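The following report introduces a protein structure to a reader who has not met it before. It treats the sheets, the helices that pack on them and some details of the backbone.

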Amino acid sequence: MSVGLPTTSTSPVIQVIDLWMTFPGKTAAQPIHVLEDVHLQIREGEFVCIVGPSGCGKSTLLNIIGGFLKQSHGSAIVEGKPVNGPDPGRIFVFQENGVFPWLTVEDNIGFGLLNHPEAHRRKQVQHYTDMVGLTGFEKSYPRELSGGMRQRVEIARALAAEARVLYMDEPFGALDFLTRLKMRADLVRIWQEERKTIVFVTHDIEEAVQLADRVLVMSRRPATVKEEIIVDLPRPRDLDDSRYLSTRDRIFEVMGMDIKTGAETNV
């Protein structure tokens with residue numbers, strides 16, 4: 001299924017065209033087909049979430065777009081060029097803690113700016129420390145921070161390095177419920193200020209509807225993009241709004257899940 005863009009004169013910053021991914025199986029006759037015929041486009045400044053069944057290949061797709069895996073067939077094009085590896089202007093934020101435990105908060109945030117003039121580095125570090133709500137913790141080490149605070153450090157580090165695109169692979173998955181809610185609100189606020197392009201993989205449908213401009217729903221493996229759901233709701237999202245609930249329920253329906261029981265349906 002080809003997933004297009006909303007009407008716009010802006011060229012897509014990310015394009016995936018007829019992408020397939022196969023991994024070797026136990027024998028040559030049993031390859032593992034993970035992705036097939038994947039098409040998608042993402043505009044500059046969009047916030048797009050990717051959801052789908054567990055193990056369907058969401059993270060594999062993100063790693064291909066990010067340059068950490070090479071597809072078996074098809075094209076991944078970012079900022080007008082085929083993806084041939086990671087790029088310093090496009091940064092990953094993972095679920096597992098990626099901050100450097102031997103560096104302070106300010107040194108972690110400024111890590112991607114080591115080749116910049118000191119004055120610029122300090123200005124960037126302070127700006128993004130303030131933006132993510134870590135003012136006063138500049139000299140703290142990761143072991144002295146909560147899980148949510150460490151994720152804020154990762155986000156600030158990506159922003160301070162002037163990343164144009166953020167790839168986020170279930171970054172809040174290890175956090176408790178209340179911290180996840182706070183981090184979602186903080187991320188939306190930061191995105192509204194910075195307008196970076198964000199591609200966000202999550203298994204949490206509620207999270208996707210709270211965050212995204214569009215949600216791409218993937219099928220079971222071998223996965224393709226089954227449907228695009230446009231989330232045309234004002235931010236911050238009202239979780240009791242009937243439009244929010246109908247959007248959430250539609251994603252459950254497309255994924256073939258019963259909203260009340262979690263059981264699979266025949267869809």
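## Sheets, helices and backbone details

Strand β4 and strand β5 (residues 81-82) run antiparallel and are joined by two bridges. The model described here is a predicted one. Within this pair, V78 has K81 in β5 as its bridge partner. The hairpin of β4 and β5 has two residues between the strands, and E79 takes a positive phi near 55° there.

### The four-stranded sheet

On which strand does β4 (residues 73-78) find an antiparallel partner through five bridges? That strand is β1 (residues 12-23). One of the facing pairs places Q15 opposite I77 in β4. Together, four strands form an open sheet with antiparallel pairing, in the order β2-β1-β4-β5. The edges are taken by β2 (32-43) and β5, each of which has a single partner strand, so one side of each is left without a neighbour in the sheet.

Helix α1 (residues 58-66) lies across β1, β2 and β4, and its direction makes about 120° with that of β1. Is this helix largely enclosed or largely open? Eight of the nine residues of α1 are buried, so the helix is largely enclosed by the rest of the structure. The buried residues are K58, T60, L61, L62, N63, I64, I65 and G66. Just after the helix, G67 takes a positive phi of about 90°.

### The six-stranded sheet

A second group of strands is described next. Six strands form an open sheet in the order β6-β7-β8-β3-β9-β10, and their pairing is mixed. At the edges of this sheet are β6 (90-94) and β10, each pairing on one side only. Ignoring direction, neighbouring strands of the sheet are turned against each other by 20° on average.

Within the sheet, β7 and β8 run parallel and are joined by five bridges. M168 stands opposite F200, a residue of β8. Helix α1 also packs on this sheet, where it touches β3 (47-51), β6, β7, β8 and β9. The direction of α1 makes about 155° with that of β7. Helix α1 thus has contacts described with both sheets, lying across β1, β2 and β4 and packing on the strands just named. Another helix, α4 (residues 147-160), lies across β6 and β7 and runs at about 175° to β6.

### Two packed helices

Two packed helices are described by the angle between their axes and the distance between the axes. For helix α3 (residues 118-131) and α5, the angle is about 135° and the axes are 11 Å apart. That angle makes α3 oblique to α5. In this contact, H127, Y128 and M131 of α3 meet R189, I190, E193 and E194 of α5. The residues of the contact divide into three nonpolar, one polar and three charged.

### Details of the backbone

Most residues other than glycine have a negative phi, and most peptide bonds are trans. The table lists two residues that depart from the usual sign of phi.

| Residue | Phi | Loop | Relative accessibility |
|---|---|---|---|
| E170 | about 45° | between β7 (165-169) and α5 (177-194) | 17%, buried |
| R195 | near 55° | between α5 and β8 (197-201) | 47%, partly exposed |

E170 counts as buried because its relative accessibility of 17% is under the 20% limit. R195, at 47%, counts as partly exposed because this value lies between the limits of 20% and 50%.

Which peptide bond ending at P222 is cis? The bond from R221 to P222 is cis, with omega near -5°. P222 lies in the loop between β9 (214-218) and β10. A cis peptide bond also leads from R235 to P236, with omega near 0°. P236 is placed in the loop between β10 and α7.

D241 is likewise found in the loop between β10 (225-230) and α7 (242-254). With a relative accessibility of 17%, D241 counts as buried, because buried means under 20%. In sequence, D241 and V16 are 225 residues apart, and in space their C-alpha atoms are 33 Å apart.

Definitions and conventions
Residues numbered from 1 in each chain as written. Predicted model: local features only at pLDDT ≥ 70, side-chain atom pairs only at ≥ 80, totals over all residues. Heavy atoms only, no water. Buried < 20%, exposed > 50% of the residue type's maximum accessible area, 1.4 Å probe, protein only. Pairing = 2+ DSSP bridges. Contact = heavy atoms within 4.5 Å. Axes fitted to C-alpha atoms, helices over the stretch in contact; angles between N-to-C directions. Parallel < 35°, antiparallel > 145°, perpendicular 65-115°, else oblique. Nonpolar A, V, L, I, M, F, W, Y, C, P; charged D, E, K, R; others polar.
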